[in-house]
Amino acid sequence: METSSIEQFIEGIPKAELHLHIEGTLEPELMFAFAKRNNIKVNYENVSEVKKAYQFNNLQEFLDIYYAGANVLITEQDFYDLTWAYLIKVKKQNVLHIEIFFDPQTHTDRGIPFETVINGIHKALEHGEEKLGISYRLIMSFLRHLDEASAFKTLEQSLPYKDWITAVGLDSSELNNPPSKFQRVFNKSIEEGYITVAHAGEEGPASYIWEALDLLKVDRIDHGNRCLEDEKLVKRLVKNQVPLTICPLSNLELKVVTNLKDHPIASMLAKNLLVTVNSDDPAYFGGYMNENYIAIARALDLSKRQITDLAKNSIKASWLDDTQKEKLKIQIETYFKNS
Ligand SMILES: Nc1ncnc2[nH]cnc12
Ligand SMILES: [Zn+2]
């Protein structure tokens, strides 16, 4: 049997995506299409001008452009089309399961009803499951630069759609917005039956990861890069096998790391942390799932065995039921053996 290249191996391996903001999949072409049909002015003349503007020195510089981009999303059809375009992309990348974020406040704060947003996304996800065979979970993320009252209002708005939403998350500007700011909202979310996750340790200190674990009772940490600064924290994450949803190209583009060769994923794997590879905001950071896997595999010279373990981690860290997890892990291992 001819052995496949590492790129071919990555392209074909079954995998799950656990850290993806649907608003971060807004490709410039789609931005212009939505702007045109909704009669909205975009700050750029054309696609290449948009791409040129996507140069960031930190998280905040990215967020400013990302929230401006989301202004073109108005109708249920826009949210449907955005989600559908993402599903088509990941289907081609052998992604079998997705657990994705949406940020309701980005839209409700500009007068778009909560129901418009969730109806469009939910409809596309249902069609994706039915027609493309991609299973999914939806995570409603609170914007941490806004106040607790706004998060509580968003939680209230979500309750009629509880059956469509598995978890709540926490994203946006991390520095000076610690998880503790949202402890009461997260407690109430747990009472309502939601699982919890939070972005922590992307730019913020390791103490924010402790807070996410102890105060927000999170099931996974999104990013978590800076956990390595605290040995006691690493021990806790390893012992409880708390998943970290790592986003290599996002880290590079937002200058969380200066070079992928120095990415902490290598020492995370060595320490037996439960790490997964994800795309975060692929339209802004230059790559979906496979591009992220390929970039990190090339930079760190990962073996097919290590890539297989990362793909299996994505299943282990997901909220699929145990039977489905076993089935998919066997599918991934069989792929490895036949490669
Ligand atoms: N990488 C990221 N960190 C925090 N908030 C975000 N919202 C979208 N992408 C994000
Ligand atoms: Zn993110």
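Here a colleague and a modeller talk through a predicted model, from its zinc site to its salt bridges and empty spaces.

Colleague: Glad to look at this with you! Which protein atoms are the donors of the zinc ion (ligand 2)?

Modeller: Happy to start there; keep in mind that the model is predicted. The donors lie 2.0 to 2.3 Å from the zinc ion (ligand 2). They are His 19 (NE2), His 21 (NE2), His 199 (NE2) and Asp 280 (OD).

Colleague: What spacing do the donors of the zinc ion (ligand 2) follow along the chain?

Modeller: The donors run from His 19 and His 21 through His 199 to Asp 280. Along the chain, the spacing of these zinc donors is H-x1-H-x177-H-x80-D.

Colleague: How many residues apart in sequence are the parts that His 19 and Asp 280 tie together?

Modeller: Both residues are donors of the zinc ion (ligand 2). His 19 sits in the loop between strand 1 (15-17) and helix 2 (28-38), while Asp 280 sits in the loop between strand 8 (275-277) and helix 14 (282-285). The pair therefore ties together parts whose separation in sequence is 261 residues.

Colleague: Is the arrangement of the four donor atoms around the zinc ion (ligand 2) tetrahedral or irregular?

Modeller: A tetrahedral site needs all angles between 85 and 135 degrees. Here the four donor atoms subtend angles of 83 to 173°, so the arrangement is irregular.

Colleague: Does Asp 280 count as buried or exposed?

Modeller: The cut-off for buried is under 20% relative accessible area. His 19 has 0% relative accessibility and counts as buried. Asp 280 has 2% relative accessibility, so Asp 280 also counts as buried.

Colleague: Let's turn to the empty space. Which helix gives the most to the lining of the largest cavity?

Modeller: The structure holds one cavity of 30 Å³ or more, and about 110 Å³ of space lies in the largest cavity. Its lining has 17 residues, and those nearest its centre are His 21, Leu 59, Phe 62, Leu 63 and Asp 281. With five residues, the helix that gives the most to this lining is helix 4 (residues 59-69).

Colleague: How many residues in the lining of the largest cavity are charged?

Modeller: The lining is made up of 17 residues. Seven of them are nonpolar and five are polar. The number of charged residues in this lining is five.

Colleague: And the largest pocket: which helix provides the largest share of its lining?

Modeller: About 150 Å³ of space lies in this pocket. Leu 96, Gly 133, Ser 135, Leu 320, Gln 324, Lys 327, Leu 328 and Gln 331 line it, dividing into three nonpolar, four polar and one charged. The largest share is four residues, and it comes from helix 17 (residues 322-337).

Colleague: On to the salt bridges. Which helices does the pair of Glu 76 and Lys 123 tie together?

Modeller: A search of the whole structure finds 15 salt bridges. In one of them the side chains of Glu 76 and Lys 123 meet at 3.0 Å, N to O. The two residues lie in parts that are 47 residues apart in sequence, so the pair ties together helix 5 (residues 76-91) and helix 7 (residues 114-132).

Colleague: Does Glu 192 count as buried or exposed?

Modeller: Glu 192 meets Lys 162 in a salt bridge (3.0 Å, N to O). Lys 162 has a relative accessible area of 32% and is partly exposed. Glu 192 has 18%, with the cut-off for buried at under 20%, so Glu 192 is buried.

Colleague: By about how many helical turns are Asp 309 and Arg 305 separated?

Modeller: Asp 309 forms a salt bridge with Arg 305, with the closest N and O atoms 2.9 Å apart. Because the two residues are four residues apart in helix 16 (residues 304-316), their separation is about one helical turn.

Colleague: Which residues join Arg 305 and Asp 309 in one network of salt bridges?

Modeller: Arg 305 is partly exposed, with a relative accessible area of 30%, and Asp 309 counts as partly exposed at 32%. Salt bridges that share partners connect this pair to two residues, Lys 312 and Glu 333.

Colleague: One last question: how far apart in space are Ser 318 and Ser 172, C-alpha to C-alpha?

Modeller: Ser 318 is in the loop between helix 16 and helix 17, and at 3% relative accessibility it counts as buried. Ser 172 is 146 residues from Ser 318 in sequence. In space, the C-alpha to C-alpha distance between them is 22 Å.

Definitions and conventions
Residues are numbered from 1 along each chain as its sequence is written. Chains are lettered from A and ligands numbered from 1 in the order in which they are written. This is a predicted model: local features need pLDDT of at least 70, side-chain atom pairs count only at pLDDT 80 or more; totals for chains, interfaces and linings use all residues. Side-chain values use heavy atoms; hydrogens and water are left out. Donors are N, O and S atoms within 2.8 Å of the metal (3.2 Å for Na, K and Ca); water is not among the atoms, so sites may look incomplete. Four donors count as tetrahedral if all angles lie between 85 and 135 degrees; four count as square planar and six as octahedral if opposite donors are over 155 degrees apart and all others between 65 and 115; anything else is irregular. Buried means under 20% relative accessible area, exposed over 50%, partly exposed in between (1.4 Å probe, protein chains only). On a 1 Å grid over the protein atoms alone, a cavity is a set of points where a 1.4 Å probe fits but cannot get out, and a pocket is an open set with protein on both sides within 12 Å along at least five of seven lines; lining residues have an atom within 4 Å of a point. Grid points are joined across faces, edges and corners, and a volume is the space filled by probe spheres set on the points. Ala, Val, Leu, Ile, Met, Phe, Trp, Tyr, Cys and Pro count as nonpolar, Asp, Glu, Lys and Arg as charged, and the others, Gly among them, as polar. A salt bridge is a side-chain nitrogen of Lys or Arg within 4 Å of a carboxyl oxygen of Asp or Glu.
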